[in-house]
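New to this one? Here is a short tour, starting with the whole chain and then moving inside.

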Amino acid sequence: MENILREIQGDLGKKNTLTDFKAGDTVTVNYKIKEGNKERIQQFQGVVLQRAGGKGVNGTFTVRKISSGVGVERIFPISSPFIESVEINKHGSVRRAKIFYMRKLTGKASRIKEKVMLGLQEEVAVPQEA
């Protein structure tokens with residue numbers, strides 16, 4: 001029974017290969033939405049709060065954005081066939097794997113330092129300009 005489950009999960013994991021991102025990164029998720037017989041792509045841009053469940057079939061990631069002054073969070077399954085792509089806009093420099101403290105912060109306090117790539121191995125945290 002377990003062998004069958006592993007085989008199915010292995011097949012599902014190969015379908016959707018997302019770019020490598022982590023908590024604190026600002027991403028744009030292109031998500032397919034079906035409305036009747038039409039299909040369109042909706043973009044959801046925000047900060048990744050967490051990656052849960054690993055990188056396997058059961059993994060998820062949470063993205064938070066502010067829309068009209070109200071915080072909106074959406075949980076995306078990593079192996080979802082409806083995710084067309086995930087684009088990384090900025091790499092954030094945070095010290096936690098799950099940054100739920102962002103829910104309480106507003107305004108300038110909710111800014112995340114941007115990680116700037118200088119070379120292949122070097123990374124320096126630069127404060128984000130307002």
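Of the 130 residues in the protein chain, 26% count as buried. Keep in mind that what you are looking at is a predicted model. On the outside, the chain exposes about 9,200 Å², with carbon and sulfur atoms supplying 51% of that area.

As for the layout, the protein chain has 1 helix and 7 strands. Read from the N terminus on, the order is α-β-β-β-β-β-β-β. Take the contacts between residues at least 6 apart in sequence: 49% of them join residues at least 24 apart.

Now for the inside. In soluble globular proteins, nonpolar side chains tend to be buried together. Here the largest nonpolar core has 13 residues, and those with the most contacts inside it include Val-27, Val-29, Phe-61 and Ile-83. Several strands feed into this core, and the table lists those that each supply at least two of its residues.

| Strand | Residue range |
|---|---|
| β1 | 26–35 |
| β2 | 38–52 |
| β3 | 60–67 |
| β5 | 83–90 |

Which strand gives the largest share of this core? That would be β1, with 4 residues.

There is another core apart from this one, made of 6 residues, among them Ala-23, Val-47, Leu-49 and Ile-112.

Phe-61, one of the residues with the most contacts inside the largest core, is a good one to click on. Setting aside its neighbours within four places in sequence, Phe-61 is in contact with Leu-18, Phe-21, Val-29, Ile-75, Phe-76, Ile-78, Ile-83 and Val-86, among others. Its partners also include Gln-50, Arg-51 and Arg-74.

Note on methods: Residues numbered from 1 in each chain as written. Predicted model: local features only at pLDDT ≥ 70, side-chain atom pairs only at ≥ 80, totals over all residues. Heavy atoms only, no water. Core = buried A, V, L, I, M, F, W, Y, C linked by side-chain atoms within 4.5 Å. Buried < 20%, exposed > 50% of the residue type's maximum accessible area, 1.4 Å probe, protein only. Contact = heavy atoms within 4.5 Å. Areas by Shrake-Rupley, 256 points an atom, 1.4 Å probe, with all protein chains shown as cover.
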